[in-house]
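I opened this model to look up how its strands and helices are arranged. My notes follow in the order I took them.

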Amino acid sequence: MAENENGQDKTEDPTEKKVKDSRADGQIARSKELTTLVVMLMGAGGLLMFGSDIALMMSELMRDNFTISRDTLMDQSYMGKALLSSGMHALVVVLPFLIAMLVAALVGPIMLGGWLFATKSLMPKFSRMNPAAGLKRMFSPHALVELLKSFGKFLITLAVALVVLNNERKDLVAIAHEPLEQAMIHSLMVVGWSSFWMACGLIFIAAADVPFVLYEAHKKLLMTKQEVRDEHKNSEGSPEVKQRIRQLQREMSQRRMMASVPEADVIITNPTHFAVALKYDPEQGGAPMLLAKGTDLVALKIREIGAHNEILILESAALARSIYYSTELDQEIPAGLYLAVAQVLAYVYQIRQFRAGQGKRPDPLGDIKIPPDLQRDA
């Protein structure tokens, strides 16, 4: 089981941040055997596809460059022209093969781990110049696995090469009796097929290397329980900071709530422990909305603001508790309280009419019935 420098077991899967940071540092799973397999397969395929064209080009270049007339020898600029012409001709013929090899060299590495350009991996690391660390890497389990892979690759390649050469020995002998151009084409075909079969032998090495590389990469990213807790703490913030943020948020919310109390139509109290402020706008329709609510000191502050702004304050303990627990700020009251709140608003309207000298003083508001499912005990 993996351990960190403090001796703690690394048993936890890496977090998303740990994986992201490792990619930024250039630490991702890469399989050299898979890259070698892709490059060799592409090289063998390129020889089989473009080998005949390359052989004919080589034949033409040798014929043209080794057949020189006497007049041409006297031309001092001929060598430069011949070199440029031969180079352009060879480049045009070989270019498709080179492009195929370039694609293989780019695709091979990104097949495992994807595309990554990490500038941190380009920076020099002087710690790698430490002889002790170098000896430790040389005799590490990872070095032993690399040695076994190299030995296995050698044995497989040797076995495949012997089988291929044994099967191709008649063709190799026949090449010596063929015309030059045909012999060159035949030689490249033999090399192409031999390379292809030897590359196929590397499939077994790559098939074993890829899971091992993925396992090693995951093992390096494992974390201890303490590392996971520390990372979570650093990403989320310390409890003291989060508590302070929540306190500031509550204070800001209370200030906004208190600023909306003067807009209320009525404040219902319990009478001392609870206070809720309601507003109803008949032009917009809908149900009455809760502008402010609070208990104890907050309730006292709501009552003080209400009294300062001459807002009617009614005592109804059951209704105040029910609204407080069932309704959030800036939300409409539940349907079960429509009738009870309607009685309160009707009483508020009668009080306003009386104060304006347009009606008689209403009778005191009696008991307000609250639905059983919305009742809250004191």
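These entries go from the whole chain to the sheet, then to the helices.

**Entry 1: the whole chain**

I noted that the model is predicted. I looked up the secondary structure and found 12 helices and four strands in the protein chain. The chain has 378 residues, and 32% of them are buried. I then checked the accessible surface, which is about 25,100 Å². Carbon and sulfur atoms hold 61% of that surface. I also looked at contacts with a separation of 6 or more. Of these, 74% are between residues 24 or more positions apart.

**Entry 2: the sheet**

In what order do the strands lie in the sheet? I read 3-2-1-4, in an open sheet with mixed pairing. Strand 3 (289-295) and strand 4 are the edges. Each has a single partner strand, so one side of each has no neighbour in the sheet. From one strand to the next, the twist averages 20°.

**Entry 3: strand 1 and its partners**

I took strand 1 (residues 266-269) next. Val-266 and Ile-268 point one way, while Ile-267 and Thr-269 point the other way. Which of these residues are buried? I found that all are.

Strand 1 runs antiparallel to strand 2 (residues 274-279), and four bridges join them. The two strands form a hairpin, with four residues between them. I went through the opposite positions. Val-266 faces Leu-278, Ile-267 faces Ala-277, and Thr-269 faces Ala-275.

On the other pairing, I found strand 1 parallel to strand 4 (residues 312-315), again with four bridges. Here Ile-268 stands opposite Leu-314.

**Entry 4: strand 2 and strand 3**

I checked how well strand 2 is covered. Five of its six residues are buried, so I logged strand 2 as mostly covered. Strand 2 pairs with strand 3 in the antiparallel sense, over six bridges. Leu-278 has Leu-290 in strand 3 as its bridge partner. I had already met Leu-278 opposite Val-266 in strand 1. That let me trace a row from Val-266 to Leu-278 and on from Leu-278 to Leu-290.

**Entry 5: helices across the sheet**

Which strands does helix 10 (residues 297-308) lie across? I listed strand 1, strand 2, strand 3 and strand 4. Helix 10 runs at about 130° to strand 3. I then looked at helix 12 (residues 338-355), which lies across strand 1, strand 2 and strand 4. Helix 12 runs at about 135° to strand 4.

**Entry 6: two helix pairs**

I looked up helix 2 (residues 32-66) against helix 4 (residues 78-110). They pack at an angle of about 165°, and their axes are 8 Å apart. Angles over 145 degrees count as roughly antiparallel, so that is how I logged helix 2 and helix 4. Their crossing is right-handed.

I did the lookup again for helix 6 (residues 141-175) and helix 7 (residues 180-221). The angle is about 160°, with the axes 9 Å apart. That makes helix 6 roughly antiparallel to helix 7. The crossing of helix 6 and helix 7 is right-handed too.

Definitions and conventions
Residues numbered from 1 in each chain as written. Predicted model: local features only at pLDDT ≥ 70, side-chain atom pairs only at ≥ 80, totals over all residues. Heavy atoms only, no water. Buried < 20%, exposed > 50% of the residue type's maximum accessible area, 1.4 Å probe, protein only. Contact = heavy atoms within 4.5 Å. Areas by Shrake-Rupley, 256 points an atom, 1.4 Å probe, with all protein chains shown as cover. Pairing = 2+ DSSP bridges. Axes fitted to C-alpha atoms, helices over the stretch in contact; angles between N-to-C directions. Parallel < 35°, antiparallel > 145°, perpendicular 65-115°, else oblique. Left-handed = near helix turned anticlockwise from the far one by under 90°.
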